[in-house]
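Open the model in your viewer and show it as a cartoon. The stops below can be selected one after another.

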Amino acid sequence: MDFSRVTVLCLGDLMLDRFIYGAMERISPEAPVPVLRLTRTREMAGGVGNVANNIRSLGGRAILLGLTGDDAPGHALRQLLAETARIENRATVSATRPTTCKTRFIAANQQVIRADEESLTPLTTPELAALREAALQALPEAQAVIVSDYGKGVCHPDILSVVIDAARQRGTPVFVDPKSLDFTRYHGATCITPNARELGQAAGFPTETLDAVEQAARLLMAQAGADAILATRSERGMALVEGAAPIRAVPSRAREVFDVSGAGDTVIATMALAHAAGSSLEQAMHIANAAAGVVVGKLGTATADIQEVTAELEAQLDTTADGVAPVDRPLLDREGASALAERWRAQGLRIGFANGCFDLLHPGHIALLTQARAACDRLIVALNTDASVQRLKGPSRPVNPLADRATVIGALRHVDAVTAFDEDTPLALIQRLLPDVLVKGADYTRDQVVGADVVEAHGGRVLLATLTPGRSTTAILTRAIR
């Protein structure tokens, strides 16, 4: 997954999230309340700002539109955003309206209380006009639009109708995280992402079952002229209703939940990035489900990076519900493969490494990978890129491009991760990953195995797998052209 070329226009209610940490050691003599001894304070962009932070963390670029006040929280928020790469802050500054600020007091890893500073008065006509104009100017730069409605006034119908219509005319998908129970204000959205409670409230009936979720989603899609609704269902995962297709659901993976703050921001950010990068809405749902699983395991308003999401997707492969196909293992770049290997190593798992072109998969390949996986706990397969194959085997090879070869290899149960290398040999990759088991076919000797000395110097070993006689891609191609 590579979102580096995706820019998302993030429009919505911008706020400052302030976390004040302390210890509760006694009860106040003034009143029967605990005394919090403060130790540190942390501040970050909240609301649509957290959506933009998730875009950035996942590798994309965000254009941020909202409203801040000309006050101390607003100054702190603008300073934070100015120091954050891949977020371009184009928020309007109001001379009269305060910056929305949510202060959470935390002790023993739990929120004790939250204090909100905000204005509930409607935005002025000049403020609405400034936001509308800024959104229309930014729209040509974006491959997707996110509307993050927290009910603070920025997502006014006069703004949303103009922006959504303009986006649809350009073919730019629009994702909406709703606050209003009147979904008609999001008319024309590509995908609306309520949680199950919001979905039920907007539809007017409970949505405890998948059948009820589908019924509510279809009712609201018709009212809103939306293409799809993604309902987040807490520990039950997510469900997608799109067009006339049957409802599709994905469960969450059982894990310890520390804080659900901002999980909805992560979901919509991931959905928009993945869809803008070429994934279907169903594929994007699987990726967003993994990203949500990462952030709920963290305390506070958190984000997920692409390596964490990739690892979570890998962990979910064996836990998807019956009837729901798991997401294909993605082709990892060098950094992603290294991060995954480090995570496995920290868990005490033995990492195996095999490399090759794997152009036309045959029984010889399967035999080698079977032996490789039996010798380790997790197996990484590194594929020569197309250019590397051509240098080694001539201009007519490979028969299958890298993306196709990665899809086939990644679908094998013996393989836990797939990456690629552009050099003639995988030496640099082996030096980066430092596998515990380095696997080659028995037609090599130990001295001929690239990287053998590197692996053995770090306590690993070389496995020369038994070959299957008469099985090779070259032999298959020779027979094919006779």
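Is strand E1 (residues 7-12) largely enclosed by the rest of the structure or exposed? Bear in mind while looking that this is a predicted model. Select residues 7-12: six of the six are buried, that is, under 20% relative accessible area, so E1 is largely enclosed by the rest of the structure. Colour the two faces separately. Thr7, Leu9 and Leu11 lie on one side, Val8, Cys10 and Gly12 lie on the other, and all of these are buried.

Next, add the neighbours of E1. Strand E4 (residues 61-65) pairs with E1 in the parallel sense, over five bridges. Strand E10 (residues 144-148) also runs parallel to E1 and is joined to E1 by five bridges. Now pick cysteine 10. Its bridge partner in E4 is leucine 64, and its bridge partner in E10 is isoleucine 146.

Move on to the open sheet. Four strands form it in the order E3-E2-E8-E9, with mixed pairing. Strand E3 (34-47) and strand E9 (110-117) are the edge strands, each pairing on one side only. From one strand to the next, the twist averages 20°.

At the E9 edge, select strand E8 (residues 100-107) together with E9; the two pair in the antiparallel sense over seven bridges. One position to label is isoleucine 106, whose bridge partner in E9 is glutamine 111.

Finally, show the helices on this sheet. Helix H1 (residues 48-57) packs on the sheet, touching strand E2 (14-27) and E3, and its direction makes about 70° with that of E3. Helix H2 (residues 72-82) packs on the sheet too, touching E2, E3 and E8; the direction of H2 makes about 110° with that of E2.

Conventions
Residues numbered from 1 in each chain as written. Predicted model: local features only at pLDDT ≥ 70, side-chain atom pairs only at ≥ 80, totals over all residues. Heavy atoms only, no water. Buried < 20%, exposed > 50% of the residue type's maximum accessible area, 1.4 Å probe, protein only. Pairing = 2+ DSSP bridges. Axes fitted to C-alpha atoms, helices over the stretch in contact; angles between N-to-C directions. Contact = heavy atoms within 4.5 Å.
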